[in-house]
There are 2 protein chains.
Amino acid sequence: MRKGKPNDPERRTRILRAALEVIASEGVHAASYRRIAVQAGVPLGSTTYYFADLETLIVSAFETLRDGLEPRYAAPMRDARLDTDVVDALVAATCGSTAPTLTDIRLYEEMHLYGARSPRVAEVLRDLQEESLMVLRRSLPDGTARAVDALMWGWWSYRALHPGDPLDQGMVRSAYRALVDIAVTRMERGDRRGVAESTPGV
Amino acid sequence: MRKGKPNDPERRTRILRAALEVIASEGVHAASYRRIAVQAGVPLGSTTYYFADLETLIVSAFETLRDGLEPRYAAPMRDARLDTDVVDALVAATCGSTAPTLTDIRLYEEMHLYGARSPRVAEVLRDLQEESLMVLRRSLPDGTARAVDALMWGWWSYRALHPGDPLDQGMVRSAYRALVDIAVTRMERGDRRGVAESTPGV
DNA sequence: TGAATCTGCGTACAATGGTACATACTTTAT
DNA sequence: ATAAAGTATGTACCATTGTACGCAGATTCA
């Protein structure tokens, strides 16, 4: 078995990065082999060589997005132990220091929509969301985790639609506080109705 | 000035409906003149005649979507006067009888993403959201209304991603309950920090 | 060295896209 | 009736797309 070595081992990675740049700035529908090649500064043949078909290229790009997003946003949440820490971490992840950039939100939205038609991307998306829920469940019951996840996504989405209109951190904080509190209250009372309903006995 | 009368006055409407059907089932990127013409059962020239360019057609389609969505989802909320009514209405709008269908959610998502690149569609979207907030503000302070709006969108989005996994109504209810309650609590105490912060003095 | 194999790239092709436009049909005003 | 204006459609053109494929270096093994 003879093996050739690539002259530019970074080329594949550069193509993937370029793909994400194109998707972020012009949308998945604009992500063509040629457009991506231009963005990456490589010839067309180079993109078709590394990725047999366009779908594969796009799925790979979203996978690298997932792998890049995950550690960045999951880590701060994982470290939060106290309730107040959790709320702090949630606020920060929504509109604070650890919040995703508008570009990241766009990418996430593009992935979301593309995933509606591409099973492979849907899989990547579910991975990402499952990971996120897993982290939240370390500090919150399942139902609350889901609500918090939905609320955060809603706010990110809002930010994307109103780029010039920053969220009111006080408002964001009280909302998370309220959601986290219902969990605490119910758990203290041993009340298993409502929020903790769908928690499997782990 | 002589005026001609259209042979088929429903044609324009039919094209718009067809456009929404295509967008819902295959995405905006698949919404071409030809594809829409086939869906509507009209010749290609008919679509280009009624809509000078594709962007106009798509924007018009989204406008009809907005006009159709608005009354359906706003009315039940408008009628809710008591706090419990509000929560009931929110739960129903999220995953109950007045909740949007998966198709509607898809359409909404497509509009959202297309709006990221099309100012005209972004305008339509903001209209829709502003209307929604307006209705919520009849029963809730501004901050709470925003949080509720974000949360609902997050859950719709979740439903679209997990079509076979219905939301737990109990969980949904407690979450809304908690958000609505912080508003009530603070207002009773005359505490204007946090949630009511950004409410303009109306 | 030389043949085999892999890496990398430019070109070509069939399909599909938006849109321009010439043509035909309807209605209205005189 | 007839000309003008508006309605409606089929065809054609050019740009862009994904992909197939042949060709050139590079690398490896004998």
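Which helices of chain A and chain B each supply at least two residues of the lining of the largest pocket? They are α4 (54-79) and α6 (102-115) of chain A, together with α4 and α6 of chain B. Please keep in mind as you explore that this is a predicted model.

The pocket itself holds about 500 Å³ of space. Its lining counts 23 residues, and those nearest the centre are Val28(A), His29(A), Val28(B), His29(B) and Glu110(B).

Let's step back to the chains. Chain A is built with 9 helices and 0 strands, giving the pattern α-α-α-α-α-α-α-α-α along the sequence. Of its 202 residues, 51% count as buried. Among contacts in chain A between residues at least 6 apart in sequence, 66% join residues at least 24 apart.

How do the two copies relate? A turn of 180 degrees with a shift of 0.0 Å along the axis lays chain B on chain A with an RMSD of 0.1 Å. That is the relation of a two-fold axis. The same surface serves both copies, since 100% of the contact residues of chain B recur in chain A.

Now for the interior. In soluble globular proteins, nonpolar side chains tend to be buried together. Here the largest nonpolar core has 133 residues, and Trp155(A) is one of those with the most contacts inside it. Leaving aside neighbours within four places in sequence, Trp155(A) touches residues of chain A, including Leu167(A), Met171(A) and Tyr176(A), as well as Arg146(B), Ala147(B) and Ala150(B) of chain B.

Helix α7 of chain B (residues 119-137) is a handy check on geometry: at 1.5 Å a residue, its 19 residues should span 27 Å, and the end C-alpha atoms are 26 Å apart, which agrees. Its buried residues include Val121(B), Leu125(B), Leu128(B) and Leu136(B). The buried residues of α7(B) pack against α8 (142-161) of chain A, and also against α4, α5, α6 and α8 of chain B.

Finally, meet Arg173(B), which lies in helix α9 (residues 169-189) of chain B. Is Arg173(B) buried or partly exposed? At 35% relative accessibility, Arg173(B) counts as partly exposed. Beyond four places in sequence, its contacts are Val87(B), Asp88(B) and Val91(B). The C-alpha atoms of Arg173(B) and Val87(B) are separated by 6.8 Å, although the two residues are 86 residues apart along the chain.

Some distances and lengths from this tour are gathered here.

| Item | Value |
|---|---|
| α7(B), expected span | 27 Å |
| α7(B), end C-alpha atoms apart | 26 Å |
| Arg173(B) to Val87(B), C-alpha atoms | 6.8 Å |

Technical notes: Residues numbered from 1 in each chain as written. Chains lettered and ligands numbered in written order. Predicted model: local features only at pLDDT ≥ 70, side-chain atom pairs only at ≥ 80, totals over all residues. Heavy atoms only, no water. Helix = DSSP H or I, 4+ residues; strand = E, 2+ residues; numbered from the N terminus. Expected span 1.5 Å × (residues − 1). Buried < 20%, exposed > 50% of the residue type's maximum accessible area, 1.4 Å probe, protein only. Contact = heavy atoms within 4.5 Å. Least-squares fit on C-alpha atoms with pLDDT ≥ 70 in both. Core = buried A, V, L, I, M, F, W, Y, C linked by side-chain atoms within 4.5 Å. 1 Å grid on protein atoms, 1.4 Å probe; cavity = no way out; pocket = protein on both sides within 12 Å on 5 of 7 lines; lining within 4 Å. Points joined across faces, edges and corners; volume = space filled by probe spheres on them.
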